[in-house]
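Work through the exercises below with the structure in view. Try each task before reading its solution.

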Amino acid sequence: MEIGIIGSGAVGLLSAAYLSKYHEVTLYTRRKEQAGLINDSGITLVRGDCREKITNNLRAEDSPSYKEPLLIVTVKQYQLDSIFDALKTSPSKMVLFLQNGMDHIPLLQTLKGHRIFVGTVEHGALKLSDNSVKHTGLGCIKVSPLYSEDRLKELPILQMQMEHFPFEYVRGWNEMMSRKLLVNACINPLTALLRVPNGELASNPMYNKMTESVFHEAVKVLAFQKGQEEWEHVMDICRNTAQNRSSMLKDIEEGRKTEIDGIIGFLINQAKAEKLEVPVLHFLYQAIRGMEG
């Protein structure tokens with residue numbers, strides 16, 4: 001099947017590298033230079049000691065034609081507006097959105113005529129260059145339909161379980177997205193603020209207490225019932241990705257805008273609507289916005 005991947009960061013490059021082994025993939029980039037490099041040299045996928053150059057079934061474009069029947073959107077939340085403008089005039093498609101946070105969900109619900117799916121990425125990925133990516137942590141991509149009438153099993157990416165890059169389908173998107181939001185809220189802002197890899201939040205006692213403070217406020221907003229189970233889940237991810245540097249930390253280090261609005265900003269807005277006090281979340285939000293410059 002023809003698949004378009006919108007966004008050529010770490011997740012976009014990783015997805016294009018694996019999916020092009022089984023599908024015709026077009027990777028949509030923002031820069032002509034990156035598209036030309038990928039068309040000339042393919043994508044280099046690094047996993048452990050293995051380096052694989054992928055050129056078959058893969059091409060890149062810098063113009064947003066978005067003509068494929070399945071689109072996978074991997075850009076940051078704050079980059080969605082221009083993509084929405086193109087999709088609003090596009091024929092009906094299946095569109096899978098892979099963004100952190102949940103602030104974009106109301107926006108997705110305005111897209112009429114398309115079959116919308118949302119997903120969470122549990123892989124670790126590091127962009128090494130415009131056409132190379134390192135698979136730093138094996139995981140899966142969980143996918144759920146935004147509307148119950150859309151059938152998950154019709155998604156071609158769910159028909160074939162690829163080695164090292166599996167997909168898992170989930171019926172209820174809200175719980176799936178909320179659980180990932182909780183993890184992102186606990187890990188991303190603190191690692192960016194403290195400039196540490198994920199594992200430090202579990203191994204450093206003081207950082208662990210800070211993480212717990214964020215966790216308690218986020219769990220209160222999200223109304224999770226099994227608090228201890230969710231805490232262990234967050235700590236497991238910190239330990240399993242101990243050497244990884246979160247996407248928000250990398251954004252701060254490279255002078256980019258972060259997804260703080262879609263993660264902590266969303267929780268703060270929910271807390272305000274429910275009249276909940278979340279001073280730690282307010283502190284984190286203001287700190288990261290200040291670091292963005």
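The exercises below concern a predicted model and go from strands to helices.

**Exercise 1. The open sheet**

Task: Find the order of the strands in the eight-stranded open sheet, and name its edge strands.

Solution:
- Step 1. Trace the sheet across. The order is E5-E2-E1-E6-E7-E8-E11-E12.
- Step 2. Check the pairing. It is mixed.
- Step 3. Look at the two ends. Strand E5 (58–61) and strand E12 (167–169) are the edges, and each pairs on one side only.
- Step 4. Add the twist. From one strand to the next it averages 25 degrees.

**Exercise 2. One pair inside the sheet**

Task: State how E11 and E12 run, and find the partner of Lys142.

Solution:
- Step 1. Locate strand E11 at residues 141–145.
- Step 2. Count its bridges to E12. There are three, and the two strands run parallel.
- Step 3. Pick Lys142. Its bridge partner in E12 is Glu168.

**Exercise 3. Helices on the sheet**

Task: Which strands does helix H3 touch, and which does helix H5 lie across?

Solution:
- Step 1. Take H3, residues 80–87. This helix packs on the sheet and touches strand E1 (2–6), strand E6 (70–73) and strand E7 (94–97).
- Step 2. Compare directions. H3 makes about 170 degrees with E7.
- Step 3. Take H5, residues 173–194. H5 lies across strand E8 (115–121) and E11, at about 35 degrees to E8.

**Exercise 4. A hairpin**

Task: Describe how E9 and E10 are joined.

Solution:
- Step 1. Find strand E9 (residues 124–129) and strand E10 (residues 132–137).
- Step 2. Count the bridges. Five join the strands, which run antiparallel.
- Step 3. Check one pair. Ala125 has His135 in E10 as its bridge partner.
- Step 4. Look at the link. Two residues lie between the strands of this hairpin.

**Exercise 5. Two helix crossings**

Task: Classify the crossing of H10 with H11, then that of H5 with H11.

Solution:
- Step 1. Start with H10 (residues 260–273) and H11 (residues 279–291). Their axes come within 9 Å and cross at roughly 150 degrees.
- Step 2. Apply the cut-off. Angles over 145 degrees count as roughly antiparallel, so H10 and H11 are roughly antiparallel.
- Step 3. Give the hand. The H10–H11 crossing is left-handed.
- Step 4. List contacts. Ile260, Ile264 and Leu267 are among the H10 residues that meet H11, whose contact residues include Leu281 and Tyr285. By class, this contact has seven nonpolar, two polar and two charged residues.
- Step 5. Turn to H5 and H11. Their axes come within 10 Å and cross at roughly 45 degrees. The two helices are therefore oblique.
- Step 6. Give the hand again. The H5–H11 crossing is left-handed.
- Step 7. Name some contacts. They include Ala185 and Leu193 of H5, and Phe283 and Met291 of H11. The H5–H11 contact has 10 nonpolar, no polar and no charged residues.

Definitions and conventions: Residues numbered from 1 in each chain as written. Predicted model: local features only at pLDDT ≥ 70, side-chain atom pairs only at ≥ 80, totals over all residues. Heavy atoms only, no water. Pairing = 2+ DSSP bridges. Helix = DSSP H or I, 4+ residues; strand = E, 2+ residues; numbered from the N terminus. Axes fitted to C-alpha atoms, helices over the stretch in contact; angles between N-to-C directions. Contact = heavy atoms within 4.5 Å. Parallel < 35°, antiparallel > 145°, perpendicular 65-115°, else oblique. Left-handed = near helix turned anticlockwise from the far one by under 90°. Nonpolar A, V, L, I, M, F, W, Y, C, P; charged D, E, K, R; others polar.
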